[in-house]
Amino acid sequence: MRRWEYVEGTASKFWETGAEGAVVTVRYGRCGSNGRTQTKEYASAEAAAEQVLKAIAEKEKKGYREVAPSDVPAAPAAGDAPAAPDTPPAAKPPVLPDEDTFTLPATWKSILLPRRGGCPRVPSGVAPGTFEKIDADVTEQASWIQRFIDSPDSDPGLADQLRAHVAGSPSPVGAALLTSIVPLSVPDSAWAHLWTERYGLPFAACAAAEMPSVEATWQQSGRSRTLPKLQALARPHHAYWMRNRRPVTDRVRALLAAADEDTYRAAVAALADRRTDAVRKVSVSYLVPSETDWVDELCADPQVLDEHDDSLLTMLFSSLYSGDQVTGFTRRPPLAYNAALVATLAEGIGTAVAPLLADQLKDGAHYADAVKAAAESLAEIPTDEAFLALLAHADLRHVRPALLEAMRRCPVRATRLLAHASRNASGSAADRTRQLIRGHLATCREVVSLALGGLDAEVVEVVEPLLNPVGLVPDAPADALPEVLTTPPWSRPRVKAKPLVVTGLTAESAPSVEWLPGEREAWAATTSWYTTERTGGRWAGWDVNDPAVQHDLRGDHLSSAWLYVHGPEELVAPYLATWDPTDLWDAEDTFKPIAARFGLAALPLLLRAAPRQPASLAPVLLPFVDVGVARHMADWAVRLKSVAATARSWFARHGAVAAPLLVPDAVGKAGPARRAAEQALTLISSLHGDEAVREAAGGVRPRGAGRGGGAADRGSAGAGTARQDARAPGMGGTRAAAPDPGAVRRCAASAVGAPRADGTGAVQVRRRVPGCRPARRDGRTRDARQVRLGPVRAVAAGQHAREGVVGAARAGAAGRRRDGTQAHSGHPDLARCGRPPPGRGGLGRPGDDRQRRRAAASARDRAAGEVQGTEGQSPGEDRRGRGRTRADRGTALRPPGAGPRPGRGRFDRRRLRLADVHGRFRRAAAAVRAGRGRQAP
């Protein structure tokens, strides 16, 4: 199969394709790997060949370059797993590596610009029909080409050359101008193949040599093109003037490198007449760098040595063949972002490229990509200068991997240079060098020991004590080690255990709604633009039997919400079952009065709408208890960071009742639903205790069972076998033939963690609470979050006890987060266990702390600012006398425990000042220390 490779920056990919009859085979992946293989059969061999050509054109348009066929073996079949070796392979005796011979890496060979006599490269071809497409593009632009020829602003000589070439008299200058005028529907490199095919390679070389010296310009506004002009370029006039010319000149250079001797000599003779100025001399030497006399002439020209244009410098350095030629240039081209230039320069001047890369490493210290590319290139060069350049920048995290790779490739050189550096370094550099040499000797002990006799006495003085320290215990033989060390688990195929699945379970629970004190009244008082009553126009004296009104009641928008809020309840309630709005802007404030008015009758509407925008609509499900609500909350808690806090608040509120609703999913078929249910039961156990989950498992019944008892109280024909085979989820086991009470309890217990009894007989949970850090044995938490929020909660609790009803409301607001969830002090079980509240990032992972910090800042503001010293203020002012924000006004109407509406606290956050926050926090902490003593860290 033919092979293409793409190497740019950190990307290094290959792509191979071939056709056998009607079957097309494609193999692709990262360079150095086996990759993946795909085959596809087409209707005929012609169709397969056409598909191959089409795919090749697409890959070349993306920048892939064709290289020699790969010698990488084909990837193994999907079902073939590598067999684990029965015995570890015998260790080979250490051999000193060759650390002085520089061999061009295979990746560099695939991307370099070829030169005659260098690394062989097969030039890429063109797809059939490419020349016809070019002719069609030229014909389509014929009138535009004529405008350039007739323009009074065009250079007369260039206009004549273009006119002659279009008329059928081949002209290299005219061909070069045509590339600037006509946009192609195929890759621009196809111009080189067209010239070579129709006029010969010498003509193509002359046209490519003229491209940097001529240009067609115009002004464009939208689709309008004006002021066409042909002009000659004596000097580059902007930084990117060669960007569109390089694909053609690069392809001509590749064709010249692979041409036969007679054709090449004819091209060199034709190019000799084109060397009339400095730009053309550079262009000609770039096309035929093997003509060393022309390169020497350029390196002796002061005007060329003082060149500052990066494009010309790139072409110049791509033509050099000796390291001595580099020293004369005043400026060097940027190498860090041009891997092809690094590879081409390394082929020409060898290891002399190391100083250039070291300069790039120093100059690109502020750009991570440049540092990484230069360091990786230096790691390929086996010289002391390259290694010392890496060692000098070992404090940069993008250089350290390349330094370690250079140490692995040249262990003796690394030992020698690290030993010298450790003797001369001081401060942090000395510590870093000593750490590097210790790690290096630990990994290359045998090779360094073998080479120790040939190293300097100063090096031996440093290395010998590290290789053979006093009291060193000899290594144990392999047969004396346990199997887990000689054959570690990752060296053999991993067997995935099947989780235990219990089928046939159902949770029977009628939907219910549980309102907090004052919550329903607050929701009923919530208004939005959609809930404002319409009394004028066509709505004056409206009738529910009116077809227009019925159409609005069944519509897919929120504009009819006022009908459900203000219309007769017995008349509009039946339409809730079919109302399905899809435009959910400001839907939270719109649905709240409807939920408060209709209660459970509004639940189907909310279950249809909330999954479409869970971040804003999840709070409207907080009062409801239902299987659908429980499943949504479990899923959102795991999957969505924006809803995780609301979901945890729902489980804190209804967890004991919701646990039976999730048990069937927690022991059901493996998948997202089971994972979400298991995590939710874990959270419920941390909030309401393990017994709540175990009792919930005992109340789950098989489908079709009567109400005489739960699954935990009944046996079945296969219960004994099921008990023997059942194991915890994720630990394997046999699927039970019938729901087994013991299996249900064991699956539920595994979801919350295996219990153990302490000295008092209390059941504790081994598995950590998601988002929490485990408590220490002395009762102090290891999590700094509790230390930060603890003083605030303590102040809030103290104010709650001292200020009566008003203080309770404000202290409750201080203990609530912005999303409505209770703070740590609101959960006695969590406080007793010494655990902070779960993290913001979903169950089982800490996640994003940004909103948690916002919630803490809001709590500190209310606890230390609005709780203290609020007597004598009007209801609409804070302690500084300013009017409350929209979020504060909304909070004032909400009952204790409901919290401010999610997403509305950003206005309150904006008016905070950093000094105020820090001052309030210090005052809160001082209050804690004065009242309860210093809180344990």
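Phenylalanine 148 is buried in this predicted model, with a relative accessible area of 0%. This residue and tryptophan 144 both belong to helix α4, which spans residues 142–150, and they are placed four residues apart, or about one turn of the helix. Tryptophan 144 is buried as well, as is its partner phenylalanine 148. A pair of aromatic rings is described by the distance of the centres and the angle of the planes. For tryptophan 144 and phenylalanine 148 the centres are 4.8 Å apart and the planes make an angle of 80 degrees, an arrangement that is edge-to-face.

Phenylalanine 148 also forms an edge-to-face aromatic pair with tryptophan 218, with 5.9 Å from centre to centre and 80 degrees between the planes. This second pair links distant parts of the chain, since phenylalanine 148 is in helix α4 whereas tryptophan 218 is in strand β6 (residues 214–221), 70 residues apart. Tryptophan 218 has a relative accessible area of 29% and is therefore partly exposed, the range for that class running from 20% to 50%. Trp144, Phe148 and Trp218 together form one aromatic cluster, and the count for the model comes to 15 aromatic pairs.

A charged side chain also meets this cluster, as arginine 225 lies over the face of tryptophan 144, at 4.1 Å from the ring centre. A further arrangement of this kind involves arginine 253, whose charged end sits over the ring of tyrosine 286 at 5.0 Å from the ring centre.

Turning to the cysteines, the count of disulfides comes to zero. Cysteine 206 is buried, its relative accessible area being 5%, and cysteine 410 is likewise buried, with a relative accessible area of 10%.

Two packed helices are described by the angle between their axes and the distance between the axes. Helix α32 (residues 627–639) and helix α33 (residues 641–666) have axes that come within 7 Å of each other and cross at roughly 135 degrees. Because this angle falls neither over 145 degrees, where helices count as roughly antiparallel, nor between 65 and 115 degrees, where they count as roughly perpendicular, α32 and α33 are oblique to each other. The crossing in which α32 passes α33 is left-handed.

Among the loop residues, valine 501 is located between α24 (483–486) and β8 (505–506). With a relative accessibility of 6%, valine 501 counts as buried, because the limit for that class is under 20%. The C-alpha atom of valine 501 is separated by 9.7 Å from that of aspartate 665, although the two residues are 164 residues apart along the chain.

Aspartate 586 is found in the loop between α28 (569–572) and α29 (587–598), and is partly exposed, with a relative accessible area of 25%. Its C-alpha atom and that of tyrosine 530 are separated by 8.5 Å, the two residues being 56 residues apart along the chain. The backbone of aspartate 586 has a positive phi of about 60 degrees, although the residue is not a glycine.

A positive phi, near 55 degrees, is also found at leucine 227, which is likewise a residue other than glycine. Leucine 227 has its place in strand β7, which covers residues 224–232, and is partly exposed, with a relative accessible area of 49%.

How values were computed
Residues are numbered from 1 along each chain as its sequence is written. Side-chain values use heavy atoms; hydrogens and water are left out. A disulfide is a pair of cysteine sulfur atoms within 2.5 Å. Buried means under 20% relative accessible area, exposed over 50%, partly exposed in between (1.4 Å probe, protein chains only). Rings of Phe, Tyr and Trp (its six-membered ring) pair if their centres lie within 6.5 Å; planes under 30 degrees apart count as stacked, over 60 as edge-to-face and the rest as tilted. Helices (H or I, at least four residues) and strands (E, at least two) are DSSP runs, numbered from the N terminus. A charge sits over a ring if NZ of Lys or CZ of Arg is within 6 Å of the ring centre and within 35 degrees of the ring normal. Axes are lines fitted to C-alpha atoms, for helices over the stretch in contact, and angles run from 0 to 180 degrees between N-to-C directions. Angles under 35 degrees count as roughly parallel, over 145 as roughly antiparallel, 65 to 115 as roughly perpendicular and the rest as oblique. A crossing is left-handed if the near helix is turned anticlockwise from the far one by less than a right angle, and right-handed if clockwise.
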